[in-house]
Amino acid sequence: MKYFLRKTGWLLFAILIALLINFILPRLMPGDPAQIIVSRLDGVEPANLEAIRTAFGVDTDRNVILQFGDYLVNVAQGDLGISISHYPTPVWVVLRKALPWTIGLIGLSTIISFLIGTFIGIFVGWYRRSKISDAIISLFLFIRSFPYFWLGLILVYFFAFERPWFPLGGSRAVTVSWAQRWEFIKSVAYHGILPAFTITISSLGYWLLTIRNNMINVLAEDYITVARAKGLSTSRIRNMYAARNAILPSISGFAMALGFIVGGSLITEIVFSYPGVGFMLYQAIQQQDYPLLQAIFLFITLGVLIANFLSDIAIMALDPRVRDGDAR
């Protein structure tokens with residue numbers, strides 16, 4: 001329980017620091033953010049500058065502590081400001097449209113990649129001296145040497161341009177709406193095959209090699225030798241002793257990958273014109289949409305912090321040494 005409370009306290013402290021940094025950064029920008037906003041918006045008079053400052057949370061006349069208090073209250077209420085590129089739509093409304101696409105595509109691809117990579121990594125780690133193990137490792141080392149956006153472009157060229165088996169981009173057919181449930185789901189799955197395949201294949205090698213190296217280290221431990229000397233079955237030694245301990249170091253990496261899901265996969269979403277958070281981040285940078293950028297960075301930070309917290313809790317549940325340390 002002490003371990004859990006300590007981690008919870010660190011999580012809350014880290015979130016407060018993240019909110020503080022997110023509040024300070026726009027105020028450290030050179031120039032007047034409100035002037036930049038007015039110059040980019042059509043139909044807004046310079047006389048309304050103070051109202052713009054208040055609306056976008058950059059009112060420099062107020063006490064900075066009161067401004068930070070207002071910022072915390074607004075974030076707690078889901079008020080992240082107004083998007084410049086989608087004016088006058090609130091940032092949260094803009095972000096809410098992109099989040100489901102990113103979480104659905106990147107999240108599902110990351111989980112599938114981790115599960116397949118872990119399974120193959122355990123196999124090649126256990127049979128590390130076999131020819132098939134060497135062949136699998138060589139194949140995925142070759143795939144890892146390619147930048148993943150190259151793989152995306154190659155897939156688009158051969159399977160969407162040369163042979164139009166899949167769409168060139170987008171998340172669904174424009175003629176299909178949510179009201180047509182089954183057609184909508186089929187269209188989303190059809191449009192998501194190439195980007196999901198790109199993310200899964202390009203990240204598979206990382207998980208495979210990580211688990212394989214962990215397995216080799218674990219197989220050299222004394223308790224594996226003892227387990228073999230006791231005559232335990234091969235499957236029990238592999239699954240309950242070796243694989244279980246080899247996966248533990250990868251949980252933190254998997255949690256970090258899940259945390260970055262909310263930020264989207266920038267290059268993949270650009271290559272496939274997929275309307276997720278990564279593609280939105282690219283558009284926000286191009287259009288200098290500071291409120292939207294600030295909100296995306298905040299979501300990425302919170303996602304990583306919460307994912308890291310959950311990985312600590314998962315390790316506590318899986319590793320008795322953590323619980324024993326807590327007991328002492």
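Student: Which residues does L292 touch, not counting residues up to four places away in sequence?
Tutor: The model is a predicted one. L292 is among the residues with the most contacts inside the largest nonpolar core. With residues up to four places away in sequence left out, the residues that L292 touches are S83, S85, V91, V94, L95, M280 and A284.

Student: Which helix supplies the largest share of the largest nonpolar core?
Tutor: This core has 21 residues, and Y71, L95, V277, M280, L292 and I296 have the most contacts inside it. At least two residues each come from α1 (2-27), α4 (64-76), α5 (91-126), α12 (277-286) and α13 (290-318). The largest share amounts to seven residues, and the helix that supplies them is α13.

Student: How many residues does the second, separate core have?
Tutor: Apart from the largest core, the model contains a second one that includes W126, M215, L219 and A246. The number of residues in this second core is twelve.

Student: How is the packing of α5 and α13 classed, and why?
Tutor: The axes of α5 and α13 lie 10 Å apart, at an angle of about 55 degrees. An angle from 65 to 115 degrees would count as roughly perpendicular and one under 35 degrees as roughly parallel. Because the angle fits neither range, α5 relative to α13 is oblique.

Student: What is the handedness of the crossing of α5 and α13, and how do the residues of the contact divide?
Tutor: α5 passes α13 in a right-handed crossing. On the α5 side the contact is made by V91, W92, V94, L95 and L99, and on the α13 side by P291, L292, A295, I296 and F299. These residues divide into no charged, no polar and ten nonpolar.

Student: Is D312 buried or exposed?
Tutor: D312 has its place in helix α13, and its contacts, leaving aside neighbours within four places in sequence, are with Y3 and K7. The relative accessible area of D312 is 15%, and the cut-off for this class is under 20%. D312 is therefore buried.

Student: How do the residues of the contact of α7 with α8 divide?
Tutor: The axes of α7 (residues 148-162) and α8 (residues 181-219) cross at roughly 140 degrees and come within 9 Å, and the crossing is right-handed. Y148, L151, G152, L155, F159 and A160 of α7 meet L194, F197, T198, I201 and S202 of α8. The division is eight nonpolar, three polar and no charged.

Conventions
Residues numbered from 1 in each chain as written. Predicted model: local features only at pLDDT ≥ 70, side-chain atom pairs only at ≥ 80, totals over all residues. Heavy atoms only, no water. Core = buried A, V, L, I, M, F, W, Y, C linked by side-chain atoms within 4.5 Å. Buried < 20%, exposed > 50% of the residue type's maximum accessible area, 1.4 Å probe, protein only. Helix = DSSP H or I, 4+ residues; strand = E, 2+ residues; numbered from the N terminus. Contact = heavy atoms within 4.5 Å. Axes fitted to C-alpha atoms, helices over the stretch in contact; angles between N-to-C directions. Parallel < 35°, antiparallel > 145°, perpendicular 65-115°, else oblique. Left-handed = near helix turned anticlockwise from the far one by under 90°. Nonpolar A, V, L, I, M, F, W, Y, C, P; charged D, E, K, R; others polar.
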